[in-house]
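Visitor: I am new here and would like a friendly tour. Could you show me the model, please?

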Amino acid sequence: HTVSFAFDMSWEEFFWLVDGHEVHVIGEELRLDPAALTAHYDRVGIDVVNVTPSYGLQLVEAGLLDADRHRPTLFLLGGEAVPDGLWELLKRTEGTMGYNLYGPTEYTINALGADVDDSAGSCVGRPIHNTRAYVLDSALRPVPAGVAGELYLAGAGLARGYFGRPSLTAERFVADPFGEPGTLMYRTGDLVRWRGDAQIDYLGRADDQVKIRGFRIELGEVESAVAAEPGIAAAAVVVHTGPTGVKRLVAYTVASASDAPEPAALRARLSATLPEYMVPSAFVELSALPLTVNGKVDRAALPAPDLGDAGGGRAPKDAREELLCAIFAEVLGLERVGAEDNFFELGGHSLLAMRLVGRIRASLGTPVQVGAVMAAPTVADLAARIGSDARRDALRVLMSLRERGTAAPLFCFHPASGFAWQYTGLLRHLDADRPVYGLQSPGLAGTQPDVADVAALAELYLAEIRTVQPQGPYHFLGYSFGGTVAQTLAALLQERGEEVAFLGLLDAYPPEIEDWSYIDAPDWRERLEREESGFLLSVAGLNPPEGDAPVDRAEAVGAIRDSQGLLAGFDEALLGAIVDTNVHCVRLLSRSRTLRYRGDVLFFTASRSTPAEEAPGLVWPAYLDGRIEEHVLDCAHDDLMSPGVLAEIGPVLARALASAESAARD
């Protein structure tokens, strides 16, 4: 018995007395000395150990399961998620049975149990006798196996509520829609999922969700991935907020052997299995994780990380580069940034780019647009472009988002707004050796292209593409209107006998599914003009006023200029060109017919705005001869290019591109 009597888990040992067993109560001094405690276990022959996984790892490190000493027959775990490494060790240890017990205080004592030998990896198992477990979504609907949901418990072990706290009781103990009338279930706040073998995986706490750079992260999921790496015995992951307010994930690790992995190697391995936004920015090695009196990780006692220099490389060559290096470092929350470090590869994204240009404008007194950062993301390149015609560079039809690399380039086609800047959010997730280019509408520069339909526009873009890649195999990606362009150009190239190795569509659909008759209505342009200010605000990343009232154009332009955001610094002529480009793209769609593409398609669906009858599996097969690999995203169409959603898309896209390139070589 090694935990506080205030911990309900501690009382389970006393039930063993009823069955004639002997219970050893361990004092605080001995509990805090794992080596002395394991020696005591060996000396008196302890057969059953009931500890938290964090404390259990310390006992294992101190020799509890060594072959030359008395091993416990039963190793009970509870109170925390069990790392896969400890789970696998218990499976391999002869003569010792491992068992994981799950049960919140509100359900005395345990509700779920898992035999280590019955599962290849860590889980919390199945409901015990007289217990019901539900995995539900936010509307209290059961979710299918493999889908995350919140765990609710009901049954004989359920408490009546919280003494003297009726409001909290009503919040956590809710009516059980699946039980007898009048029965309750407890909302645990734990995120879990059913497995195919009817056992339950623990994913983390719902209130352990953190939000970094616009997307939500489960700390428990990151911890499990870190702890599963070779050479790591235990891990804890927390969010560290730097002096500039930039939040970063920090992993604290305990090595299982003297040859612990270097942080760079550990980061590289995690990058292969986790989305980029879930990979910790810093790793701190400890001899042991600090624990509370109940044996759980004491996160408040973890030491502050030394984030050090994430940037490096060439030092600034003049005063302007030196100032820009300082501003880059300040905005990114780093101590130092080199003159040739890439803003986006250091963790920058479109929201931070807005902050960056605002700081540059304030420091240099020079109008700088976000597009300049997109076109020149290093300090050296940006310093060279400030004062030149940055607007011209930002509005190029073929815009280089990353020019260097030996892999086949990825060409990304603009949505109806005409810009391709949004794709910079993918750079961190893609192979650093892959060049990335954005195709932007010529209409942004003032003159809409004289083309009749999407196919003619695709021909215009092909001429630009040929300047950097004269022949295939080509790799195309398109969002919304850009997806229509990408699919059309891919089909045109195939008709000419050229090879397209990859086609990715981001919530793009054949124009045939739309009713375009409204474009011929006499008041269409007038109606659009009333809406265009709201459209500009949305492109700029600003929220239009609520309700259906039109937005005053002058107010919208003023708000955009004051925002220091995506379109800040643009004159009214360019803002008008954005609206004209949108109108032009809609007209092209209405005149176009979808060509047939022979090949597989990687498709991302914005589920919140896609009607069931327009699902890609229903509307695209008439125009495709290959397989559709669909990835459903929990977002609306207009949110698809936000940093958080791009962080979900990026790793999937990177794997698909690597697979396509490998297939092309074979």
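Visitor: Which residue in β19 is the bridge partner of Phe-413?

Guide: Welcome! This is a predicted model, where local features need pLDDT of at least 70, side-chain atom pairs count only at pLDDT 80 or more, and totals for chains, interfaces and linings use all residues. Residues are numbered from 1 along each chain as its sequence is written, and side-chain values use heavy atoms, with hydrogens and water left out. Strands β17 and β19 pair in the parallel sense over three bridges, where pairing asks that DSSP finds at least two bridges between two strands. Within β19, the partner of Phe-413 is Gly-478.

Visitor: How many helices and strands does the protein have?

Guide: Helices (H or I, at least four residues) and strands (E, at least two) are DSSP runs, numbered from the N terminus. Counted that way, the secondary structure comes to 20 helices and 22 strands.

Visitor: What percentage of the residues count as buried?

Guide: A residue is buried under 20% relative accessible area, exposed over 50% and partly exposed in between, using a 1.4 Å probe and protein chains only. The protein has 666 residues, and the buried share of them is 51%.

Visitor: How many residues of β19 are buried?

Guide: Strand β19 spans residues 474-479 and is mostly covered. On one side Tyr-474, Phe-476 and Gly-478 are buried, and on the other side so are His-475, Leu-477 and Tyr-479. Both faces are covered, and the buried count is six of six.

Visitor: In β20, which residue is the bridge partner of Phe-476?

Guide: Strand β20 covers residues 500-506, and β19 pairs with β20 in the parallel sense over six bridges. Strands of a sheet pair through backbone hydrogen bonds, either parallel or antiparallel. For Phe-476, the partner in β20 is Leu-503.

Visitor: Is the β-α-β unit made by β19, α15 and β20 right-handed or left-handed?

Guide: Helix α15 holds residues 481-495 and forms the unit together with β19 and β20. A crossover is right-handed if, with the strands pointing away from the viewer, the path from the first strand over the helix to the second runs clockwise. This β-α-β unit is right-handed.

Visitor: What is the strand order in the open sheet of five strands?

Guide: The pairing in this sheet is mixed. Its edge strands are β1 (48-51) and β5 (126-127), each pairing on one side only. The order is β1-β2-β3-β4-β5.

Visitor: Which residue in β2 is the bridge partner of Asn-50?

Guide: Strand β2 takes in residues 74-78, and four bridges join β1 to β2, which run parallel. The partner of Asn-50 in β2 is Leu-76.

Visitor: How many salt bridges does the structure hold?

Guide: Side chains of opposite charge can pair when their charged atoms come close. Here a salt bridge is a side-chain nitrogen of Lys or Arg within 4 Å of a carboxyl oxygen of Asp or Glu. The total is 14.

Visitor: How many residues apart in sequence are the parts tied together by Glu-223 and Arg-299?

Guide: Glu-223 and Arg-299 form a salt bridge, with the closest N and O atoms 2.8 Å apart. Glu-223 lies in helix α7 (residues 219-227) and Arg-299 in the loop between β15 (282-286) and α9 (319-332), so the pair ties together parts whose separation in sequence is 76 residues.

Visitor: Is Arg-434 buried or exposed?

Guide: Arg-434 meets Glu-661 in a salt bridge (3.0 Å, N to O). Glu-661 lies in helix α20 (residues 643-665) and Arg-434 in the loop between β17 (410-413) and β18 (436-439), so the pair ties together parts that are 227 residues apart in sequence. Glu-661 has 17% relative accessibility and counts as buried. At 3% relative accessibility, Arg-434 is buried.

Visitor: What is the relative accessibility of Asp-625?

Guide: Asp-625 forms a salt bridge with Arg-596, with 2.7 Å between the closest N and O atoms. Arg-596 is partly exposed at 39% relative accessibility. Asp-625 also counts as partly exposed, and its value is 46%.

Visitor: How many disulfides does the search of the whole structure find?

Guide: A disulfide is a pair of cysteine sulfur atoms within 2.5 Å. Two cysteines count as buried: Cys-412 at 0% relative accessibility and Cys-585 at 2%. The number of disulfides found is zero.
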